[in-house]
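Open the model in your viewer and keep the selection panel at hand. We will go from stop to stop, picking something to select and saying what is there.

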Amino acid sequence: MRLLWRPRREPQTGPPPRFVPDANEWLRSHLTDVPQQTVEFCGDLRGASMLNVGCGEMLADFGFLPRGVRRVVGLDVTHQEWKHLEDTAARVASAGYQVAPDWCGRLAYCRYNGREIPFRSASFDFVFSWSAFEHVGDVACVLAEIRRVVKPEGRVFIQVYPWFPSSLGSHLTDYIAEPFFHLRRPPERVRGQLERWVEAHPEDRKFVLSHMWQEYRTLNRYSAAQFLEAVRQAGFRVTRCRLISHDQDLTAVPENVRLVDAMVTGTMVLLRP
């Protein structure tokens with residue numbers, strides 16, 4: 001299952017925290033921070049029909065229900081049974097968070113092939129994606145599909161964190177300390193560094209060498225500038241944008257990488273068709 005990386009209020013000073021948070025922080029951030037930051041950035045979502053592109057565990061979707069979203073459809077590339085939603089609801093409740101009593105009728109999950117979105121044109125008031133687009137294989141196609149399924153008067157919100165050229169872009173910085181290693185080292189070198197890390201942390205071997213390694217290999221390598229150009233090419237108007245960054249030393253950035261691309265760790269964009 002793809003991880004949706006935790007939200008963080010940016011810009012900030014000092015080094016970033018660990019990339020993969022603990023379970024309690026994971027729940028809190030997705031159930032509370034993601035919906036709150038989205039509403040603050042995009043405005044009122046009460047009564048909206050919503051599509052979540054790259055929904056992962058659908059934790060954030062449970063977090064949106066108490067904020068008045070009428071219905072949320074989670075979209076991702078993995079196959080999930082209805083029990084997945086039931087298990088997530090139980091997990092949220094057991095952690096002490098509010099679960100909307102009518103969630104069964106307001107949440108749905110849909111699998112797609114990573115390109116074509118299986119809904120009719122103009123189906124949704126609001127299309128949302130949080131820390132998922134760096135995993136999208138065909139960015140232009142998915143953006144075009146989002147523009148098709150959002151209503152003409154609708155809104156699209158996409159948060160991406162991190163972009164590949166940034167210091168956190170590998171998703172592996174909890175395990176490899178070398179600055180910007182992913183921009184300078186071949187895959188076999190990166191794999192070797194991970195294997196050395198799990199020798200000292202054997203309990204994390206499966207997660208690191210299977211899940212995190214696969215995530216690294218399939219990242220689309222986009223920068224913020226490339227993505228924003230793809231957004232324009234898809235026919236969207238950017239009505240609001242926030243750059244996400246932090247204090248960092250850029251001396252290890254290779255000469256073939258633009259410093260501005262390395263500086264921008266993530267973005268939030270609000271789009272209109």
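## First stop: a loop between two strands

Start by selecting Ala 122, which sits in the loop between β3 and β4; helices (H or I, at least four residues) and strands (E, at least two) are DSSP runs numbered from the N terminus. Ala 122 is partly exposed, with a relative accessible area of 34%. On the scale used here, buried means under 20% relative accessible area, exposed over 50%, and partly exposed in between (1.4 Å probe, protein chains only). Accessible areas come from the Shrake-Rupley method with a 1.4 Å probe, and for residues only the protein chains shown count as cover. Check the backbone too: phi of Ala 122 is near 55°, a positive value in a residue other than glycine. Most residues other than glycine have a negative phi, and most peptide bonds are trans.

Before moving on, note that this is a predicted model, in which local features need pLDDT of at least 70 and side-chain atom pairs count only at pLDDT 80 or more, while totals for chains, interfaces and linings use all residues. Residues are numbered from 1 along each chain as its sequence is written, and side-chain values use heavy atoms, with hydrogens and water left out.

Now add Ser 121, in the loop between β3 and β4. Ser 121 is partly exposed, at a relative accessible area of 46%. Which residues does Ser 121 contact, leaving aside neighbours within four places in sequence? Select Arg 148 and Val 149; contact means heavy atoms within 4.5 Å. Ser 121 and Arg 148 are 27 residues apart in sequence, yet their C-alpha atoms are 5.2 Å apart.

## Helix α5

Next, select residues 139–149, helix α5. Its buried residues are Val 139, Cys 141, Val 142, Leu 143, Glu 145, Ile 146 and Val 149. Show β1 (49–53), β4, β5 (150–160) and α8 (224–233) as well: the buried residues of α5 pack against them.

## Helix α3 and strand β3

Select residues 82–94 for helix α3. At 1.5 Å a residue, its 13 residues should span 18 Å, and the end C-alpha atoms are 19 Å apart, which agrees; the expected span is 1.5 Å times one less than the number of residues. Colour His 84, Leu 85, Thr 88, Ala 89 and Val 92, the buried residues of α3. Look down the axis of α3: these buried residues fall within an arc of 135°, so they line one face of the helix. The arc is that of the directions from the helix axis to the C-beta atoms. An α-helix has 3.6 residues a turn, so residues three or four places apart point the same way.

Turn the helix around, and the face away from the buried side of α3 carries the exposed residues Lys 83 and Ser 94. Just after α3, Gly 96 takes a positive phi of about 90°. What do the buried residues of α3 pack against? Show α1 (23–42), α2 (59–64), α4 (103–106) and β3 (107–111).

Keep β3 selected: 4 of its 5 residues are buried. Add strand β2 (residues 71–76), which runs parallel to β3 and is joined to it by 5 bridges; two strands pair if DSSP finds at least two bridges between them. Zoom in on Gly 74, which stands opposite Tyr 109 in β3.

## Met 58

Now select Met 58, in the loop between β1 and α2. Met 58 has a positive phi of about 70° although it is not a glycine. Met 58 is buried, with a relative accessible area of 0%.

## A cis bond and Thr 265

Select Tyr 161 and Pro 162: the peptide bond joining them is cis, with omega about 5°. Pro 162 is in the loop between β5 and α6 (187–200). Then select Thr 265, in the loop between α9 (259–263) and β7 (266–272). Is Thr 265 buried or exposed? Thr 265 is buried, at a relative accessible area of 0%. Not counting residues up to four places away in sequence, Thr 265 touches ten positions worth showing, including Tyr 161, Pro 162, Trp 163 and His 246. The C-alpha atoms of Thr 265 and Val 160, 105 residues apart along the chain, are separated by 8.5 Å.

## Zoom out

Finally, show the whole protein, with its 9 helices and 7 strands. Its radius of gyration is 18 Å, close to the 19 Å that the globule rule gives for 273 residues, so the protein is as compact as a globular protein of that length. The radius is taken over C-alpha atoms, and the rule is 2.2 Å times the number of residues to the power 0.38. Buried residues make up 55% of the 273 residues.
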